[in-house]
Amino acid sequence: MSRAFVFPGQGAQSIGMGKALAEAYPTAKAVFDEVDEALGEKLSTLIWEGDQDELTLTQNAQPALMATSLAAMRALEAEGVEITAASYVAGHSLGEYSALAAAGALSVADTARLLRTRGEAMQKAVPVGVGAMAALLGLDFETATEVASQASHDQVCQAANDNDPAQVVVSGHKEAVERAVEIAKGKGARRAVLLPVSAPFHCALMQPAAEVMAEALSHVDMNAPKVPVVPNVLAHAENDPTLLRSLLVDQVTGSVRWRESVAWMAEQGVDEIWEIGAGKALSGMIRRIAKQVTCRAVGTPEDVKAAVEALNG
């Protein structure tokens, strides 16, 4: 059986995530301690006991979700499941950083600092209220791309997340995204709704954030990953650290090609995908992309035990 480990992105965060892992596994607790030290603050207290709105702030959610994913990975390792049990790793948006850290390409401390920088830079790139994102449900990527193009009117509007065969997110100037919602309804979208996000991610308006990340990434060491990574903007595996570094910059303004990434892994023979960290959103997408692939969410000690038992069969 060939498997992949995938790591969730923003939206999966919830108060209390990872706490049971930290209580059950010292190596999982050590991840949260390392992130706290790297950021110079008790992010773990916010994650476990804080306010959901504060946790949802981009600059908090990004390192918090990475910490929870890495804690789950350390728990698996404590039970004898190494990252090399996967043929590939991938992550949705910020989850790509989690995938790189899990595969040993980046240190946990560097990843935490990069994600804090990324969150702050993405928030600052566009004044609040200028940008927006919308989910177009029931349209394929080609149609959604046409919708975005028709809606642009000399503004930015582009397909930002190709999540699954019937879920595409568009991003750009607020007026253009609102036009896209109306056009999508006219093209038969089952639903088209603005998303409660604080900035228009993964579009050309994020160029200032891309420049910040290029500078930040130039100062960190990146190793070859222990297993190949499937980057969002490529949708096929890569293991050259120099290219992986530049792709993280491209990712800020580029589309998250999640549907294509999962389909590519399935084409390589992956028949089982483990979602490592908070939530189960990716598992739902994967089932809609590749029905033959079995999904497993690994975010609690019980999930870890069940995954290990299944693996050792």
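Mentor: Welcome! Let's begin with a definition: a helix crossing is left-handed if the near helix is turned anticlockwise from the far one by less than a right angle, and right-handed if clockwise. Keep in mind that this is a predicted model.

Trainee: Is the crossing of helix 5 and helix 6 left-handed or right-handed?

Mentor: These two helices pack with their axes 9 Å apart, at an angle of about 35 degrees. By the definition above, a clockwise turn of the near helix gives one hand and an anticlockwise turn the other. For helix 5 and helix 6, the crossing is right-handed.

Trainee: Which residues of helix 6 make the contact with helix 5?

Mentor: From helix 5, the contact is made by Met-66, Ser-69, Leu-70 and Met-73. Their partners in helix 6 are Ser-98, Ala-101 and Ala-102.

Trainee: Now for the sheet. Which strands are at its edges?

Mentor: Four strands form an open sheet with parallel pairing, in the order 2-1-7-8. An edge strand pairs on one side only. The edges are therefore strand 2 (88-91) and strand 8 (294-298).

Trainee: How much does the sheet twist on average from one strand to the next?

Mentor: Follow the order 2-1-7-8 through the sheet. From each strand to the next, the average twist is 25 degrees.

Trainee: What is the bridge partner of Glu-275 in strand 8?

Mentor: Strand 7 covers residues 270-276 and pairs with strand 8 in the parallel sense over five bridges. In one of the strand 8 pairings, Ile-273 has Cys-295 as its bridge partner. For Glu-275, the bridge partner is Ala-297.

Trainee: Which helix does the chain pass through between strand 7 and strand 8?

Mentor: The path from strand 7 to strand 8 is a right-handed β-α-β crossover. Its helical part spans residues 281-289, and that is helix 13.

Trainee: At what angle does helix 5 run to strand 7?

Mentor: Helix 5 (residues 58-78) lies across strand 1 (2-7), strand 7 and strand 8. Its angle to strand 7 is about 120 degrees.

Trainee: And what angle does the direction of helix 6 make with that of strand 2?

Mentor: Helix 6 (residues 95-102) also packs on the sheet, where it touches strand 1 and strand 2. With the direction of strand 2, it makes about 150 degrees.

Trainee: Let's turn to aromatic rings. Are Phe-5 and Trp-274 stacked or edge-to-face?

Mentor: The whole structure has three aromatic pairs. The ring centres of Phe-5 and Trp-274 are 5.1 Å apart and the planes meet at 25 degrees. Planes under 30 degrees apart count as stacked, so this pair is stacked.

Trainee: How far apart in sequence are the parts that Phe-5 and Trp-274 tie together?

Mentor: Phe-5 is buried at 0% relative accessibility, and Trp-274 is buried at 1%. Phe-5 lies in strand 1 and Trp-274 in strand 7, so the parts they tie together are separated in sequence by 269 residues.

Trainee: Why is Ser-261 counted as buried?

Mentor: Ser-261 is found in helix 12 (residues 258-267). Beyond neighbours within four places in sequence, Ser-261 is in contact with Val-230, Pro-231 and Ala-235. Buried means under 20% relative accessible area, and Ser-261 counts as buried because its relative accessibility is 0%.

Notes. Residues numbered from 1 in each chain as written. Predicted model: local features only at pLDDT ≥ 70, side-chain atom pairs only at ≥ 80, totals over all residues. Heavy atoms only, no water. Buried < 20%, exposed > 50% of the residue type's maximum accessible area, 1.4 Å probe, protein only. Contact = heavy atoms within 4.5 Å. Pairing = 2+ DSSP bridges. Axes fitted to C-alpha atoms, helices over the stretch in contact; angles between N-to-C directions. Right-handed = clockwise from strand over helix to strand, strands pointing away. Phe/Tyr/Trp six-rings, centres within 6.5 Å; stacked < 30°, edge-to-face > 60°.
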